[in-house]
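Subject: Structure handover

Hello,

Please find the structure below, followed by notes on what turned up in it.

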Amino acid sequence: MAEGTEVNTESEKICCVDCHAHISAKEFSEDIDIVIEEARKVGVRAIVGVTEFKAEFAGMLDLHERYPDLIAPCLGVHPVQSLCPDRSATLEDLDGVEELIRENHEKLVAIGEVGLDFTPRFISKERIKMYREKYLADRARNVLLHAFDGKPSNALKGVQQGYYFSIPPSIARSPQKEKLVKNVPLSNLLLETDSPALAAVKQTRNEPKNIHISCEAISRIKGIPMQTVYEETTKNALKLFPKLQRFIRK
């Protein structure tokens, strides 16, 4: 090694997965190369990229082609369409989606972002209870509930079903997320950014490089080293998303 060469041994040890990021969002269209490079620098080995509507599918698959060793794509339709945030998804929004997913299934690590949105203005309390009892308990398997905004008692019901909960950087400003991390076992926790949303500072663009904020919060709340959080959440991610093995082994 040449004299004067500096080696950051701590950063070399970090291996983590951003388990939920809207990496194909328009907010990254101008500087995606920089965003990707900065994510790599902090030890992000895989970014699970999710979509919300069919119009995003092509962009997500293109990013996977450009960064095949980092972007782990998912395709899905969110129940509340972000292009038209005051309406729910319709059958027209699903037209051709299954065919596109089948055509690209070998590339995909999961289907998402999909499922149930429990935002109160979109669904009543009674319907939340019905879906939880009839759908989640009986049918859903291999589930990641990202940025879970409910009570820890409800989260623990998910833990009993083997669900995982990913924690975004917004935990830095969320007592609810702190309670969630305190109550949910580390074996059921993952790291996420939900980029470009849910940054530590409200109304700022979030990026995968900010994954350390989630890790720091879990470390502090659980009273364990950050390295342990990185290692265990990465193991959890590999259990939930087996196809991530090829990203971690690179």
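**Contacts at the annotated site**

In this predicted model, the side chains of H22 and H20 make a polar contact at 3.5 Å. A polar contact at 3.1 Å joins the side chain of D194 to that of H22.

These residues also appear in a database record. The unreviewed UniProt entry carries a "binding site" annotation that covers H20, H22, E113 and D194. The four span 175 residues in sequence, but no two of their C-alpha atoms are more than 10.8 Å apart, so they gather at one spot.

H22 sits in the loop that runs between β1 (16-21) and α2 (32-41). With a relative accessible area of 9%, against a cut-off of 20%, H22 counts as buried. What covers it? Beyond its neighbours within four places in sequence, H22 is in contact with F28, V50, E52, E113, D194, S195 and P196. Two of the annotated residues, E113 and D194, are thus on the contact list of H22.

D194 is also in a loop, the one between β7 (189-191) and α8 (211-222). Its relative accessible area is 8%, and D194 is buried. Not counting residues up to four places away in sequence, D194 touches D18, H20, A21, H22 and H146.

**The sheet**

Strand β1, which precedes the loop of H22, belongs to an open sheet of 4 strands with parallel pairing, in the order β1-β2-β3-β4. β1 and β4 (110-111) are at the edges and have a single partner strand each, so one side of each lacks a neighbour in the sheet. The partner of β1 is β2 (residues 44-49), and the two pair in the parallel sense over 4 bridges. Within this pair, V17 stands opposite A46 in β2. Helix α3 (residues 57-66) packs on the sheet and touches β2 and β3 (71-75). The direction of α3 makes about 160 degrees with that of β3.

**The chain as a whole**

There are 10 helices and 7 strands in the chain. Of its 250 residues, 46% are buried. The chain exposes about 13500 Å², and carbon and sulfur atoms supply 52% of that area. How much of the contact set joins residues at least 24 apart in sequence? Among contacts between residues at least 6 apart, the share is 72%.

Regards

Notes. Residues numbered from 1 in each chain as written. Predicted model: local features only at pLDDT ≥ 70, side-chain atom pairs only at ≥ 80, totals over all residues. Heavy atoms only, no water. UniProt positions renumbered as here; feature names shortened; annotations may be inferred. Buried < 20%, exposed > 50% of the residue type's maximum accessible area, 1.4 Å probe, protein only. Contact = heavy atoms within 4.5 Å. Polar contact = N/O pair within 3.5 Å; in protein donor to acceptor, adjacent residues only side chain to side chain. Areas by Shrake-Rupley, 256 points an atom, 1.4 Å probe, with all protein chains shown as cover. Pairing = 2+ DSSP bridges. Axes fitted to C-alpha atoms, helices over the stretch in contact; angles between N-to-C directions.
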